[in-house]
Amino acid sequence: MTKRLTAIFLAVLAVLTLAACGQGETAPGTMGTMLVQVFEERGKADPNLDLTDLGNTLMNDSGLPIDGEVTPVEPGLLMGFGNDEITGFAEGVMFAPVIGTIPFVGYLFRLDAGTDGDAFVQTLKDQANPRWNICTEADETVVRREGDVVFFVMCPQSMDEDGGDGVSDLS
């Protein structure tokens with residue numbers, strides 16, 4: 001009887017785990033959740049939003065406890081994707097902390113007119129490398145699309161108030 005109960009418990013646990021995995025890429029209250037909420041609110045409010053302004057809002061006005069910069073990017077090799085080129089966008093910006101040891105990199109892309117948005121999002125998911133930063137590793141990867149704008153971030157799930165990422169140094 002004990003083996004049977006254990007087997008039933010493990011089966012239920014496996015089903016719940018699979019269901020949780022299918023719910024999305026972020027957990028409630030994480031840094032990725034907070035950032036994607038800002039992106040979705042701004043994207044729905046203004047479909048023609050300026051990517052640099054949005055990147056600055058995400059880095060500096062969304063409550064992140066880190067200082068960051070926003071820089072334009074062009075199709076090709078981008079930080080966080082290894083040796084895989086990212087193409088299919090007409091405009092792009094990267095938003096990242098000034099301190100390079102924090103496992104955080106984000107992008108906003110405005111897709112080319114002929115680009116399949118779903119395929120672009122899948123490419124980002126497939127090519128993302130959470131260990132792009134030699135000494136640390138991002139905890140979560142979040143990708144969302146609002147119209148022709150795609151949001152991408154790899155980041156720690158949370159940050160300590162002193163700016164620490166809550167992630168052990170892997171060096």
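## Exercises on a predicted fold

**Exercise 1.** Work out how strands β6 and β7 are joined, and what happens at the turn between them.

*Solution.* Start with the pairing: β6 (residues 140-146) and β7 (residues 149-155) run antiparallel, and seven bridges join them. Keep in mind that this is a predicted model. Next, pick out some partners. T141 sits opposite M154 in β7, while R144 has F151 of β7 as its bridge partner. Finally, look at the turn: two residues lie between the strands of this hairpin, and G147 adopts a positive phi near 65 degrees.

**Exercise 2.** Place that hairpin in its sheet: what is the strand order, and which strands are at the edges?

*Solution.* Walk across the open sheet and you meet its five strands in the order β1-β4-β5-β7-β6, with antiparallel pairing. The edges are β1 (68-73) and β6, since each of them pairs on one side only. From one strand to the next, the twist averages 15 degrees.

Now add the helices. α2 packs on the sheet and touches β5 (105-111), β6 and β7. The direction of α2 makes about 10 degrees with that of β6. Helix α4 (residues 117-127) packs on the sheet too, touching β4, β5, β6 and β7. For α4, the angle with the direction of β6 is about 170 degrees.

**Exercise 3.** Take apart the largest nonpolar core: which residues touch the most other members, and which element gives the most?

*Solution.* First, the members: there are 23 residues in this core, and L35, L58, F95, F104, L108, F151 and V153 touch the most other members. Second, the suppliers: α2 (31-45), α3, β4 (89-97) and β7 each bring at least two residues. α2 gives the most, with five. Another core lies apart from this one; it has 21 residues, including F81, F89, V121 and A138. As background, nonpolar side chains in soluble globular proteins tend to be buried together.

Third, zoom in on F151. Leaving out residues up to four places away in sequence, F151 touches L35, V36, F39, L58, F95, Y107, L108, V142, V143 and R144. So R144 turns up among the contacts of F151 as well as being its bridge partner.

**Exercise 4.** Decide whether T57 is buried or exposed.

*Solution.* Locate T57 first: this residue is in helix α3 (residues 51-61). T57 has a relative accessible area of 17%, and the cut-off for buried is under 20%, so T57 counts as buried. As for its neighbors, T57 touches V38, R42 and S62, again not counting residues up to four places away in sequence.

Definitions and conventions: Residues are numbered from 1 along each chain as its sequence is written. This is a predicted model: local features need pLDDT of at least 70, side-chain atom pairs count only at pLDDT 80 or more; totals for chains, interfaces and linings use all residues. Side-chain values use heavy atoms; hydrogens and water are left out. Two strands pair if DSSP finds at least two bridges between them. Helices (H or I, at least four residues) and strands (E, at least two) are DSSP runs, numbered from the N terminus. Buried means under 20% relative accessible area, exposed over 50%, partly exposed in between (1.4 Å probe, protein chains only). Contact means heavy atoms within 4.5 Å. A nonpolar core is a set of buried Ala, Val, Leu, Ile, Met, Phe, Trp, Tyr and Cys residues joined through side-chain atoms within 4.5 Å. Axes are lines fitted to C-alpha atoms, for helices over the stretch in contact, and angles run from 0 to 180 degrees between N-to-C directions.
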